[in-house]
Every structure is written in C-alpha cells, then in structure tokens.
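Trainee: I should like to study one part of this structure closely. Could you please take me through the site of the metal ion and the helices beside it?

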Amino acid sequence: MRRALMSLCRLFLPDAGLRRYANALCVVVATNLLTALVFYQHGGGERTTRNWVGPQPYSSSRNCTQLYNLNRPDYSFLYRASSSPPSPSLPAVFVITPTHTCTTQKVDLTSLCQTLSLVPKLTWIVVEDSRTKTKLVSHLLSKCMVESVHLSVATSTKYKSSLPWPLYRMFGTVRGVEQRNAGLRWLRENYHPKNSSGVVYFIDDDNKIDVRLFSEIRKTKEVSVFNVGFAGGVYYEGPVCGEDGRVREWHSPSAEWSIWASSRKIPIDMAGFAVNLHLILARPEVLIGRDVRGADSRVGQLETDLLEHFTTRERLECRGSNSEVLVWHTKTADPNLKHEFHYPSDRASVAV
Ligand code: UDP
Ligand code: MN
C-alpha cells in the first residue's frame with residue numbers, strides 16, 4: 001500500500017531532491033484523501049446537510065397530507081372524492097381501447113383500469129386483437145372497478161405488415177383499426193340515436209391520462225379536440241384555440257419534417273378528440289380506416305380520415321386549455337428479460 005502511494009507521489013513530484021523531503025508528507029495526505037473517498041462512497045459518517053427545500057421528512061411532526069393538499073384542483077367529480085352519485089343528466093363516456101397480447105399488456109391495462117375507475121359514468125369497451133377473448137384480459141376486467149364490455153377481433157392480413165420489426169414501426173401499417181371499429185359497432189348495436197346521450201373517446205392501452213380530461217370531453221356537442229403529449233413527434237400536438245373556443249391553428253409538425261403532416265386536414269392524435277355518441281349513431285356507415293372518398297387510410301391519417309366524415313375544421317370544439325396537456329401518447333418500454341432464459345419464471349402460476 002505504502003509503495004503504491006509512493007509511486008503515486010512520484011507522478012506528482014518528479015524531482016528526486018524534492019521527493020526525499022516531501023515523500024512522508026505526500027503519503028500522509030494521500031492516505032487521508034483515500035480514507036475520505038472510501039468513507040464517502042459507503043455513505044458513512046455524518047454528512048453536512050444543506051438547507052432542505054423540499055417537503056419535511058416523514059418523521060417530522062408536520063402533517064404531510066396537508067402539505068400536498070395546498071392548491072389542489074377541484075377533484076370533487078371523482079368517485080373517491082364525491083359523496084353523492086353522479087347526476088342522471090351527466091353525459092356518459094364510452095372509452096374504446098384496442099389491446100393486443102404483449103409483455104406489458106397486463107401492466108398497461110391495470111394502470112388504465114385504475115385511472116378509469118376514478119371516473120363516474122364511464123363504460124370501457126376493451127377490444128382484444130385476438131380471435132377469442134384471452135384469460136388475462138377477462139380476469140383483469142372482472143377485477144376492474146369499471147363497467148366494461150369485452151370484445152375480440154383478430155387483425156386481418158390486410159392490416160398486417162410483412163416488414164421486420166424496426167421497419168414495421170417506422171413504415172408499417174395502421175394498428176388497432178378493426179378493434180376500434182368493433183367498439184363502434186357495439187355502440188351502434190346497443191344504443192339508439194333517439195334516446196342515448198354520451199361521448200365516445202379512443203385511447204390506446206399504453207397511453208396515460210389525467211382524469212380531469214373526462215370533465216372536458218363530457219361537454220362535447222359534436223367533435224372536440226385537445227392537446228396530446230408526445231404525439232406527432234413533438235412534445236405535444238393539438239389545437240391552438242381562440243377565446244371563442246374555436247381552432248385558430250394547429251400545434252403540429254409542419255410539412256417540412258413530416259411525410260404525412262401536410263395532408264392531414266385535422267392533425268390530431270387518436271387520443272386528441274372525442275365524438276358525441278349521437279354522431280356515431282346517426283352515421284352507422286362511418287368506420288375508422290376509410291377516408292371520405294372511400295380510400296383506405298394511410299399511416300398517420302386515421303384520425304383526420306374519421307373526423308372529416310363528421311365535421312370540418314371550423315366546427316371543431318376546443319376543450320382543455322392551450323397551455324395544458326391532460327393525455328399523453330406514451331409507450332411502455334419492453335422490460336429487460338435478458339436473464340429469463342437462464343432462470344425461467346413459472347409463468348403458469350405467476351401472471352406478470
Ligand atoms: N394494437 C393492436 N394490435 C396490434 C398492435 C397494436 O390491437 O397488432 C393496439 C395496441 O394495443 C394499442 C393500439 O392498437 O392500443 C395502437 O398500437 P400501438 O400502441 O402499438 O401504436 P402507436 O401508439 O405506436 O401508434
Ligand atoms: Mn400506443
């Protein structure tokens with residue numbers, strides 16, 4: 001050890017004369033430095049504390065609940081916070097979610113279920129991309145506190161891409177089309193235009209949503225639009241609205257950077273609009289995946305192609321605020337399973 005320290009000193013004091021006198025001092029200083037470094041790495045000793053600006057530690061006598069309740073928005077519309085049942089005049093919300101078997105399907109649906117369970121008067125139409133309903137989704141919905149409808153339809157070969165994975169993500173075909181259409185058909189078979197009121201909203205199984213959005217979309221008279229975080233290849237995509245509640249322009253990638261943006265009349269993500277149920281029921285022929293001329297929708301065009309059947313840019317209703325995002329087009333990363341091969345889980349008895 002002493003030798004190693006002396007070689008270290010030699011690096012810094014190349015002159016032999018100086019070294020003779022300074023060696024002893026150098027060893028002492030280096031030893032102290034090393035000890036301090038090891039001590040710090042192991043988190044030992046009393047650390048000097050800086051002025052802590054965040055919430056007080058849990059053990060403090062201060063009441064943490066009170067601390068976090070300061071300036072809290074009004075959440076009285078939530079089930080948990082409200083003591084009275086929702087009013088009969090509150091428009092119902094129908095949420096259509098396509099879902100497919102993948103590693104993170106259970107966590108995505110669990111998270112979405114628990115968010116939606118906070119919202120009153122909501123029906124969740126979950127449509128699996130599968131010939132038959134799977135046990136995983138059936139079980140999950142049976143435990144979920146949300147009124148739900150479980151459907152399944154397998155994606156036809158028309159919508160399957162033959163490209164390998166990274167290319168498929170970039171240039172592949174549209175996803176979840178037949179599943180969303182199955183949700184629309186279910187609504188048309190089960191509700192009558194004359195005596196039904198409600199709002200229809202599409203959300204992917206892997207998106208994230210702030211429950212306050214539902215209070216906004218319930219106001220939808222025809223078609224409403226709002227911001228979506230992380231959509232369109234930008235931080236957020238959505239309408240820029242005037243004080244009259246109409247769309248002035250769009251915050252969306254321009255034609256220069258996006259191969260499809262220029263041709264989207266209504267450049268919005270699937271989670272960025274809601275349609276009143278009466279429009280869906282009044283036009284039973286309208287399905288996702290076809291534009292107004294009857295041509296198949298291209299990648300990135302599903303939303304505008306659907307909305308152009310029902311509305312025009314001028315009629316769109318703005319919801320939420322220009323400066324806030326209440327829904328995010330997120331994607332759940334594939335987990336790291338590199339050791340699963342050596343240590344296979346008992347997946348039959350543990351549902352992950
Ligand atoms: N989806 C599906 N079948 C598939 C791929 C996706 O039903 O083969 C569903 C998926 O679960 C999600 C929606 O379609 O709810 C959109 O798919 P994804 O999230 O992969 O697309 P992106 O968000 O990248 O547009
Ligand atoms: Mn998605």
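Mentor: The following account begins with the chain as a whole and then turns to the requested part.

The model is a predicted one. Its chain contains 10 helices and 12 strands, and 39% of the 352 residues count as buried. Among contacts between residues at least 6 apart in sequence, 71% link residues that are at least 24 apart.

Let us now consider the metal. The manganese ion (ligand 2) is coordinated by Asp 204 (OD) and Asp 206 (OD), at 2.6 Å. Asp 206 also carries an annotation: the unreviewed UniProt entry places the feature "binding site" there. Along the chain, Asp 206 belongs to the loop between β4 (198–202) and β5 (208–209). Is Asp 206 buried or exposed? Its relative accessible area is 15%; residues under 20% count as buried, and therefore Asp 206 is buried. Asp 204, at 17% relative accessibility, is likewise counted as buried.

Which residues does Asp 206 touch, leaving aside those up to four places away in sequence? They are Asp 108, Thr 330, Lys 331 and Thr 332. One of these contacts leads to the next element, since Asp 108 is among the buried residues of α4.

Helix α4 (residues 105–116) comprises 12 residues and spans 16 Å from its first C-alpha to its last, close to the 16 Å expected at 1.5 Å a residue. Its buried residues are Gln 105, Asp 108, Leu 109, Leu 112, Cys 113, Thr 115 and Leu 116. Because these residues cover an arc of only 165° around the axis, they lie on the same side of α4. A general rule helps in reading such a list: an α-helix has 3.6 residues a turn, so residues three or four places apart point the same way. The cover over the buried residues of α4 includes β1 (92–99), β2 (122–128), α5 (135–143), β5 and α8 (212–217).

Helix α5, one of the elements in that cover, has its own buried residues, namely Val 137, Leu 140 and Leu 141. They fall within an arc of 95° when seen down the axis of α5, so they line one face of the helix. On the other side of α5, Lys 135, Ser 142 and Lys 143 are exposed. The buried residues of α5 are covered in turn by elements including α4, β2 and β3 (147–152).

To retrace the path: Asp 206 coordinates the manganese ion and touches Asp 108, a buried residue of α4, and α5 helps to cover the buried residues of α4.

Note on methods: Residues numbered from 1 in each chain as written. Chains lettered and ligands numbered in written order. Predicted model: local features only at pLDDT ≥ 70, side-chain atom pairs only at ≥ 80, totals over all residues. Heavy atoms only, no water. Helix = DSSP H or I, 4+ residues; strand = E, 2+ residues; numbered from the N terminus. Buried < 20%, exposed > 50% of the residue type's maximum accessible area, 1.4 Å probe, protein only. Contact = heavy atoms within 4.5 Å. UniProt positions renumbered as here; feature names shortened; annotations may be inferred. Donors = N, O, S within 2.8 Å, 3.2 Å for Na, K, Ca; no water. Expected span 1.5 Å × (residues − 1). Arc of directions from axis to C-beta.
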